[in-house]
Amino acid sequence: MAEKIQTTLRRNQVEILLLFGLLAMTLFGALLSGCGSGIKKLGNAPKGTTEYIITEHYSTTDTAKEYIRKRENNGLCEKGELDAEGHIHLYVTEEQRNTWIKEAEESMKEIEDSGKSDNIDYDFSRDYTKFTITASKGCNIKHMATILHQALFDAELYQVFRDQQDWKLLVVIVNRDTGKEVLTAEQPESGILLDETLWDSK
């Protein structure tokens, strides 16, 4: 089932696929193949647009196709395509590009506010290349996983539309009670395993 964070959804947010176990959730940083450096543009950009590639969309092929259709219909891109490897190619004008950046940044700011009810702190670095989660044992891992998926996608959009095709996000989880880091992983290269035993280690 797809879940979204409990804040106002922006138009650039994907219908994210979340898979949960009873106590664990595995988030794969390479759900699709590779990162940006080896992916070629399709070269089908309409006049007046630039091609941008979303390498990791954390969803199924059908969901990605629907995502493209919605972005075309709401005016966030002139055209969109899904390549054979499952990467999303969006052709946007300069005005549309600025809208993607603005909405991704607004969404990330909403994420930073979304943990207050669960006593979890979510913090991005100023350049949106690091995402820190600070929480105590017994926190709502399901909500945390939902937020993490959204944070990854928003950070990717923000960087890609700022011409950083080889996007990255360093994810750090801190034990609030000890102040120690219990997990560090750089996305999209690394996988992340979220479960309650993280807080037992440190």
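Colleague: What makes β5-β6-β7-β8 an open sheet, and which strands are its edges?

Modeller: In this predicted model, the four strands are ordered β5-β6-β7-β8, with mixed pairing. The edge strands are β5 (121-124) and β8 (181-187), and each of these pairs on one side only. On average, neighbouring strands of this sheet are turned by 15° against each other, direction ignored.

Colleague: How do you know that β5 and β6 pair?

Modeller: Pairing needs at least two bridges between the strands. Four bridges join β5 to β6 (residues 130-135), so the two count as paired. They run antiparallel. One of the residue pairs is Phe124 with its bridge partner Phe131 in β6.

Colleague: Which helices lie on these strands?

Modeller: Helix α2 (residues 94-114) lies across β5 and β6, at about 150° to β5. Helix α3 (residues 141-160) packs on the sheet and touches β5, β6, β7 (169-175) and β8. The direction of α3 makes about 155° with that of β7.

Colleague: Why is the pair of Tyr122 and Phe131 called stacked?

Modeller: Ring centres must lie within 6.5 Å to pair, and planes under 30 degrees apart count as stacked. For Tyr122 and Phe131 the values are 5.9 Å centre to centre and 5° between the planes, so the pair is stacked.

Colleague: Why are Tyr122 and Phe131 called buried?

Modeller: Buried means under 20% relative accessible area. Tyr122 has 1%, so Tyr122 is buried. Phe131 is at 0%, and therefore counts as buried too.

Colleague: Which residues are linked with Tyr122 and Phe131 into a cluster?

Modeller: Ring pairs link Tyr122 and Phe131 with Phe124, Tyr128 and Tyr158. The whole structure holds seven aromatic pairs.

Colleague: What makes the pair of Tyr52 and Phe161 tilted?

Modeller: The planes are 40° apart. Stacked is under 30 degrees, edge-to-face is over 60, and the rest are tilted, so this pair is tilted. The centres are 4.9 Å apart, which is within the 6.5 Å limit.

Colleague: Where in the chain are Tyr52 and Phe161, and are they buried or exposed?

Modeller: Tyr52 is in strand β2 (residues 50-54), while Phe161 is in the loop between α3 and β7, 109 residues apart from it. Both Tyr52 and Phe161 are buried.

Colleague: How many helices and strands does the protein have, and what share of its residues is buried?

Modeller: The protein has four helices and nine strands. Buried residues make up 49% of its 202 residues.

Note on methods: Residues are numbered from 1 along each chain as its sequence is written. This is a predicted model: local features need pLDDT of at least 70, side-chain atom pairs count only at pLDDT 80 or more; totals for chains, interfaces and linings use all residues. Side-chain values use heavy atoms; hydrogens and water are left out. Buried means under 20% relative accessible area, exposed over 50%, partly exposed in between (1.4 Å probe, protein chains only). Axes are lines fitted to C-alpha atoms, for helices over the stretch in contact, and angles run from 0 to 180 degrees between N-to-C directions. Contact means heavy atoms within 4.5 Å. Rings of Phe, Tyr and Trp (its six-membered ring) pair if their centres lie within 6.5 Å; planes under 30 degrees apart count as stacked, over 60 as edge-to-face and the rest as tilted.
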